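Open the model in your viewer and keep the selection panel at hand. The stops below say what to pick and what is there.

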Amino acid sequence: MAQACYHPSVEGAQHGAKSLGDFLEYAKRSGAAGAQPSNYMLQGGKLFKSAKEIKETFEQRRMKLDGISCHCPFWVHTTAWTESPTVRPFIPGEVAKKSPAEIEKWAENYLLKLMDLAAELGMKVLPMFWGVAFGWELATGYPWGFWAGPNYDLIKEGQDRFVKKTAKLRAHASKLGIYLCHEIHPGTAAMCADEFNMLVKTCNGDKCLAVNADPSHCWEGESWETRFRKVGDRVYACHVKHFVVRSDLPLRIMAPNWPDRAMQFTDLTSGDLNLTRYIEMLVNIGYPQRYCQVMGTQTAPLIVEAESAYRDLDATSANGIAFVRDNFCFPLAAGSFEEGMGA
């Protein structure tokens, strides 16, 4: 009998106002089989809840642990050196008052302990993204460039900076068998597939450098299929998210109010993407097979990360979970459809 390769799940970062238990109960009510809590949901005690307590919280609700969303602390770690105030929302107030070097060190220690917790939980897949290791000049993608000149080369400096700043985290992840799954994303160390592959090459092919596929960030020329086929053998995690680009509006306009922006995240039932083709492509590049092999599971999670500037967040995510459950958790083909043809 054909078996499904996916199960519906949901990302917790947008639901941070909920406790871990409340988040899991919400996810279960909405039809999810698993959940991907944020690092903040796991905090407690001196820093984190115990692995025992977290496991019991999941087991009591019969929910699968599908990763730990730790985008924010990783981004802080690789962005603090720029002295940007945008790291402050993601760190304790007393830490935000410290120097960039101290903030970076705090984030590194936090992430080392988070990886230790992940290992205790048997979690090998950490969706995240690296921060602005190459500086804000390159993060803007400004076409004039001026990225190299007398006595400076911002790309080379960024490569050296990335290798040095991430060395301890990468070494610890490798020791624990953890894959650090970078979400290729504007304003990070790798904003397209070629940049991610550059990081891998710069780090001598470090196996812990992996990818969290998310098609909703492919809105500046690189299609989702081009992006994820280029990095296909390193995709160990995924998000299911939808978006639309409004015509005749600049993508990079300084509009703090989400509804005024050209790019809008949407519910999963509308948008510019063909999500079914995206889900099928993930099978083709080996994501579910790779995840199941690393995690020792029968199915891989399709992590709903539905956001909307207009719709209630809980309703948007619940609708997304149901949509994934009903449309994407299909029985996987065991062979070619041609095999049943003929006499």
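Select N197 to begin: its relative accessible area is 30%, so N197 counts as partly exposed. Here buried means under 20% relative accessible area, exposed means over 50%, and partly exposed is in between, with a 1.4 Å probe and protein chains only. This is a predicted model, in which local features need pLDDT of at least 70 and side-chain atom pairs count only at pLDDT 80 or more, while totals for chains, interfaces and linings use all residues. Residues are numbered from 1 along each chain as its sequence is written, and side-chain values use heavy atoms, with hydrogens and water left out.

**Around N197**

N197 sits in helix α8 (residues 193–202). Helices (H or I, at least four residues) and strands (E, at least two) are DSSP runs numbered from the N terminus. Show what surrounds N197: leaving aside neighbours within four places in sequence, N197 is in contact with K230 and V231. Contact means heavy atoms within 4.5 Å. Then draw a distance from N197 to T86, 111 residues apart along the chain; their C-alpha atoms are separated by 27 Å.

**Two buried polar residues**

Go to N39, in the loop between β2 (34–35) and β3 (43–44). N39 has a relative accessible area of 2% and is therefore buried. Beyond neighbours within four places in sequence, its contacts are F48, I68, S69, C70, P73, Y110 and L114.

Next pick T316, in helix α12 (residues 313–327). T316 is buried too, at a relative accessible area of 3%. Outside the four places on either side in sequence, T316 is in contact with D267, A306, E307, S308 and R311.

**The nonpolar cores**

Which residues touch the most other members of the largest nonpolar core? Select Y6, L180, F228, Y278 and L282; they do so within a core of 93 residues. Helix α5 (residues 100–120) supplies the largest share of this core, seven residues. A nonpolar core is a set of buried Ala, Val, Leu, Ile, Met, Phe, Trp, Tyr and Cys residues joined through side-chain atoms within 4.5 Å.

Stay on L282 and show its contacts: setting aside neighbours within four places in sequence, these are Y6, A213, C238, Y287, P288 and L302. A second, separate core has eleven residues, including V76, A80, V87 and F129.

**Aromatic pairs**

Display the aromatic rings. Rings of Phe, Tyr and Trp (its six-membered ring) pair if their centres lie within 6.5 Å; planes under 30 degrees apart count as stacked, over 60 as edge-to-face and the rest as tilted. By this rule there are 14 aromatic pairs. Take F228 and Y278, a tilted pair with 6.4 Å centre to centre and 55° between the planes. F228 belongs to helix α9 (residues 224–230) and Y278 to helix α10 (residues 275–284), so this pair ties together parts 50 residues apart in sequence. Both F228 and Y278 are buried.

Now select Y287 and Y291: their ring centres are 6.2 Å apart and their planes are at 55°, so this pair is tilted. Both lie in helix α11 (residues 287–295), four residues apart, about one turn of the helix. Y287 is buried at a relative accessible area of 1%, and Y291 is buried at 2%. Add Y6 and F330 to the selection, and you have one aromatic cluster formed with Y287 and Y291.

**Salt bridges**

A salt bridge is a side-chain nitrogen of Lys or Arg within 4 Å of a carboxyl oxygen of Asp or Glu. How many salt bridges does a search of the whole structure find? The search finds 16.

- Select D160 and K156: the closest N and O atoms of this salt bridge are 2.8 Å apart. Both residues lie in helix α7 (residues 154–176), four residues apart.
- Select R229 and E225: the closest N and O atoms are 2.9 Å apart, and both residues lie in helix α9, about one turn of the helix apart.
- Select R325 and D326: the closest N and O atoms are 2.9 Å apart. R325 is partly exposed at 38% relative accessibility, whereas D326 is exposed at 54%.

Finish this stop with K241, E305 and E307, which salt bridges with shared partners join into one network.

**A patch on the surface**

Last, select Y142, W144, F146 and Y152, a nonpolar patch on the surface with about 520 Å² of accessible area together. Patches are made of residues with over 30% relative accessible area and no salt bridge; like charges are joined within 9 Å and nonpolar side chains (Val, Leu, Ile, Met, Phe, Trp, Tyr) within 5 Å. Accessible areas come from the Shrake-Rupley method with a 1.4 Å probe, and for residues only the protein chains shown count as cover. Within the patch, F146 is found in the loop between α6 (136–140) and β7 (148–149). F146 counts as exposed, at 59% relative accessibility.
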